[in-house]
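I opened a new page for this one and kept my notes short. Come and look along with me.

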Amino acid sequence: MPSSNRSAILFGNPEFYSNPESERIYPDLIGTEQEIQEVNTLLTGKGWDSKGYTSKNATEEQIKTVNNPRIFHIATHGFYAPAVERNVDDEITRTDNTLTD
């Protein structure tokens, strides 16, 4: 992974359902794949060390290998659960992002 001051790591349109028998809870994020491609093209055109990950490559394991890029962009599903539902008062613990395995 790039770690220079002008480095960017981009993730989008993760493949949530590698198992065809999985119950599909989240729709595909096709627009985020285009977003990652366009941002990557823009940044590399400006001299940035940019790397985009989409589909099967946009995994939680890949995110765990990221080492301090200047830009770290993740385009995925997110959700918010009210405090009553999760029985917590802290705003941070009531939000989450959904990634693929």
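Before anything else, a term I needed: helices here are DSSP runs of H or I with at least four residues, numbered from the N terminus. With that settled, I looked just past helix H1 and found Gly47 with a positive phi of about 90°. I also noted that this is a predicted model.

**Entry: the helix.** I checked the length of H1, which covers residues 30–45. Its 16 residues should span 22 Å at 1.5 Å a residue, and the end C-alpha atoms are 23 Å apart, which agrees.

Next I asked myself which residues of H1 are buried. I found Thr32, Ile36 and Leu43. Looking down the axis of H1, I saw the buried residues fall within an arc of 50°, so they line one face of the helix. On the face turned away from that buried side, I listed the exposed residues Ile30, Thr41, Leu42 and Gly45.

What do the buried residues of H1 pack against? I noted strand S1 (7–14), strand S2 (49–55) and strand S3 (71–75). H1 lies across these three strands, S1, S2 and S3, and runs at about 165° to S1.

**Entry: the sheet.** I then turned to the strands themselves. Three of them form an open sheet in the order S2-S1-S3, with parallel pairing. S2 and S3 stand at the edges with a single partner strand each, so one side of each has no neighbour in the sheet. On average, neighbouring strands of this sheet are turned by 10° against each other, direction ignored.

I looked more closely at one pair: S1 and S2 are joined in the parallel sense over seven bridges. Ser7 has Asp49 of S2 as its bridge partner.

**Entry: Arg6.** My last stop was Arg6, in the segment before S1. Is Arg6 buried, partly exposed or exposed? Its relative accessibility is 38%, and buried means under 20% while exposed means over 50%. Arg6 therefore counts as partly exposed.

Which residues does Arg6 touch, leaving out those up to four places away in sequence? I wrote down Lys46, Gly47, Trp48 and Asp49. Gly47 is the residue with the positive phi just after H1, and Asp49 is the bridge partner of Ser7. The side chain of Arg6 also reaches the backbone oxygen of Lys46 at 2.5 Å.

I added one distance to finish the page. Arg6 and Thr44 are 38 residues apart in sequence, and their C-alpha atoms are 9.8 Å apart in space.

How values were computed. Residues are numbered from 1 along each chain as its sequence is written. This is a predicted model: local features need pLDDT of at least 70, side-chain atom pairs count only at pLDDT 80 or more; totals for chains, interfaces and linings use all residues. Side-chain values use heavy atoms; hydrogens and water are left out. Helices (H or I, at least four residues) and strands (E, at least two) are DSSP runs, numbered from the N terminus. The expected span of a helix is 1.5 Å times one less than its number of residues. Buried means under 20% relative accessible area, exposed over 50%, partly exposed in between (1.4 Å probe, protein chains only). The arc is that of the directions from the helix axis to the C-beta atoms. Contact means heavy atoms within 4.5 Å. A polar contact is a pair of N or O atoms within 3.5 Å; within protein, one must be able to donate a hydrogen and the other to accept it, and residues adjacent in sequence count only if both atoms are side-chain atoms. Two strands pair if DSSP finds at least two bridges between them. Axes are lines fitted to C-alpha atoms, for helices over the stretch in contact, and angles run from 0 to 180 degrees between N-to-C directions.
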